[in-house]
Amino acid sequence: VLRSRKGCKLLSRHPHADLVIAGLLTGVRHATMEDNEVLSLLECFLNDDDTRPIALRGSNPAHLLDGVCELLTNGEPDLCESSCLLLQALLEATGPGALLTWSGASKFIGVLSRRRHGKEIIDAVVPMLQWETSLTSSLSLEYKRMWVSDQIRSNTPGEAVEISVNRGELLRGVMESLRDPKGLQHGVKVKFMGDETGAGDGHRRECFRLVILALCNLEFGLFKSMDGGRSLHPSSTASDAQPEYLTYFELVGKLIALALMHRETLPAARFTLALRKMLLNAGPLTVDDMASVDPEFYKHKVQYLLESKYAEGEAAMTLADLDLTFEDVPQPDIFPDARHELHPGGSQAHVTEENKQHYVELLCDTRMRGSVSLQVKAMTAGILSIVPEDVWYQIQRVITPVELDSLICGLQEVDLQDWRSNSSSDVDQDTWELFWRVVGGLSMQQQKDLLEFTTGSPAPPVGGFAQLPGYGTIGMVQRFTIARNLNSALPVASTCFNTIYLPKYSSEAEMSAGLLEAVAHRNVGGFYEGAVAQ
């Protein structure tokens with residue numbers, strides 16, 4: 001009766017209507033699958049013109065938000081959809097402000113962003129919450145990964161751009177194919193010339209992985225690493241190594257944008273924190289950011305000066321003894337005369353105790369930003385050739401530099417339990433168990449190589465193996481799958497379908513040897529044509 005239009009009208013005129021609503025609000029947090037009528041009743045009252053004012057009276061919206069948050073946090077998973085429908089009705093009645101200004105907004109937004117049915121609600125409030133750091137920081141990284149992809153991808157009708165590349169000239173081929181960014185907002189399909197299997201998502205993952213690996217190779221000269229190869233920063237001498245260095249940096253930016261849109265990873269593009277801050281325009285660089293670019297320089301130059309280490313010990317000195325001026329000498333041992341003034345007249349300005357903080361700030365800014373500003377500008381231009389400028393500004397407000405690293409590169413470690421739990425089998429139980437025993441005996445690097453052989457990427461994305469990108473529409477996921485191979489002596493893979501096809505093996509040693517041999521030849525191609533038919 002209450003759900004009917006007549007019932008709502010009668011309730012709105014009843015002297016105890018407020019008590020009825022209050023009782024229902026109290027019952028929200030206690031709803032179960034067997035007893036959840038309170039949720040649909042409140043949704044009905046919020047949608048009815050007569051009862052809506054009573055449901056929204058006073059602190060009722062806050063009590064409702066509190067109850068739904070508690071239900072989504074600790075309640076039965078099957079109540080998620082009906083809880084989100086109730087919340088949706090509330091926000092349609094009040095606008096997103098009711099949620100964003102509520103005292104528990106940060107926790108609630110975090111909970112919603114981790115629920116499948118909460119995505120639509122969060123999508124609607126992101127345009128407002130992006131301005132509040134405390135709220136954007138509560139969004140799950142899994143949600144941000146989907147949101148970034150959705151924002152980049154064009155909503156206008158269109159098909160993904162198909163490019164054909166030669167494996168022998170991969171870098172040049174991709175650079176020429178992506179030179180015109182028109183249509184790239186719809187995605188990219190890659191076909192290897194001479195490969196009869198056509199264009200596929202697995203080919204794209206493999207292609208982009210190999211291209212970014214070549215661009216980030218230290219011998220190629222675009223990037224440098226001062227921390228043993230753990231992170232990369234643009235090289236100030238990139239123009240000497242590659243005459244087309246700015247075009248290459250622009251290509252790096254395009255690959256980043258496409259990887260974010262396709263929800264795929266580029267594990268080789270592990271950039272310094274300072275570079276990620278510049279790409280996201282995440283505030284000014286600080287002296288401490290130098291530690292991510294050159295840890296040794298930070299320790300032996302920055303900290304040495306700022307902490308007055310020169311005045312310690314038996315051979316204590318003063319700043320005057322160091323004879324420093326406002327100049328940068330990048331390689332004093334090799335090119336002592338190669339000096340760059342940190343400001344006009346810097347060669348005549350001596351560093352003193354009073355100005356050493358300013359000297360260090362200028363020196364670090366020159367090393368991190370000033371000397372590579374053209375390189376960073378080219379990378380940003382590559383991103384903006386695919387990502388609309390207003391969208392990139394939104395992404396800059398929602399994503400942190402640390403999160404950008406995870407979104408681009410994926411997870412650094414392979415979680416074997418997560419891998420197995422989110423895999424499928426088309427083989428007998430003995431083969432299934434044998435495979436996981438063999439994988440468990442591999443080193444971390446060998447596990448990553450096997451993952452790369454099967455999926456096209458050595459790093460699982462944010463969200464783990466449950467979010468492995470699959471074949472077809474952007475956002476489609478495809479489980480890692482083990483299937484039987486009756487036509488080959490070695491394992492083969494179809495990276496589009498994240499499937500590895502195994503011959504019959506009788507022992508761990510035999511399977512391990514076969515996997516390692518197949519993986520060792522993974523970069524020569526080998527898409528399994530039979531997978532398409534299957």
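How many bridges join strand β7 (residues 423-426) to β8, and in which sense do the two run? I count four bridges, and the strands run parallel. I note at the outset that this is a predicted model.

**Entry 1: the sheet around β8**

I looked up a residue pair in the β7 pairing and found S424 opposite T481 of β8. I then turned to strand β10 (residues 499-502), which pairs with β8 over four bridges, again in the parallel sense. Here I482 has I500 of β10 as its bridge partner.

I wrote down the strand order as β7-β8-β10-β9, an open sheet of four strands with mixed pairing. The edges are held by β7 and β9; each has a single partner strand, so each has one side without a neighbour in the sheet. On average, neighbouring strands are turned by 20° against each other, direction ignored. I also found helix α25 (residues 429-440) packed on this sheet, where the helix touches β7, β8 and β10. The direction of α25 makes about 125° with that of β8.

Is β8 enclosed or open to the outside? Four of the five residues in β8 (residues 480-484) are buried, so I put the strand down as largely enclosed by the rest of the structure.

**Entry 2: helix α5**

I checked the length of helix α5 (residues 60-74) next. Its 15 residues should span 21 Å at 1.5 Å a residue, and I find the end C-alpha atoms 21 Å apart, so the two values agree.

Which residues of α5 are buried? My list reads N60, P61, L64, L65, G67, V68, C69, L71 and L72. The helices that these buried residues pack against are α2 (17-27), α3 (37-47), α4 (52-55), α6 (80-94), α7 (97-100) and α8 (105-112).

I took N60 separately, as a residue of helix α5. Its relative accessibility is 13%, which is under the 20% cut-off, so N60 counts as buried. Setting aside neighbours within four places in sequence, I find N60 in contact with I21, L25, I54 and A55.

**Entry 3: α5 against α6**

How do α5 and α6 pack? I noted an angle of about 160° and axes 10 Å apart. An angle over 145 degrees counts as roughly antiparallel, and α5 and α6 are therefore roughly antiparallel to each other. Their crossing is left-handed. For the residues at this contact, I have P61, L64, L65, V68, L71 and L72 on the α5 side. On the α6 side they meet C80, S83, C84, L86, L87 and L90.

**Entry 4: two asparagines with positive phi**

Most residues other than glycine have a negative phi. I looked up two exceptions.

N281 is not a glycine, yet its phi is positive, about 50°. I located N281 in the loop between α16 (273-279) and α17 (290-293). Buried or exposed? The relative accessibility of N281 is 60%, so I entered this residue as exposed.

N498 also is not a glycine and has a positive phi of about 50°. I placed N498 in the loop between β9 (492-494) and β10. What is the relative accessible area of N498? I have 1%, so N498 is buried.

**Entry 5: recap**

I closed the page with the two asparagines side by side: N281 is exposed, whereas N498 is buried. For the sheet, I kept the order β7-β8-β10-β9, and for the helix pair α5 and α6, the left-handed crossing.

Methods:
Residues are numbered from 1 along each chain as its sequence is written. This is a predicted model: local features need pLDDT of at least 70, side-chain atom pairs count only at pLDDT 80 or more; totals for chains, interfaces and linings use all residues. Side-chain values use heavy atoms; hydrogens and water are left out. Buried means under 20% relative accessible area, exposed over 50%, partly exposed in between (1.4 Å probe, protein chains only). Two strands pair if DSSP finds at least two bridges between them. The expected span of a helix is 1.5 Å times one less than its number of residues. Contact means heavy atoms within 4.5 Å. Axes are lines fitted to C-alpha atoms, for helices over the stretch in contact, and angles run from 0 to 180 degrees between N-to-C directions. Angles under 35 degrees count as roughly parallel, over 145 as roughly antiparallel, 65 to 115 as roughly perpendicular and the rest as oblique. A crossing is left-handed if the near helix is turned anticlockwise from the far one by less than a right angle, and right-handed if clockwise.
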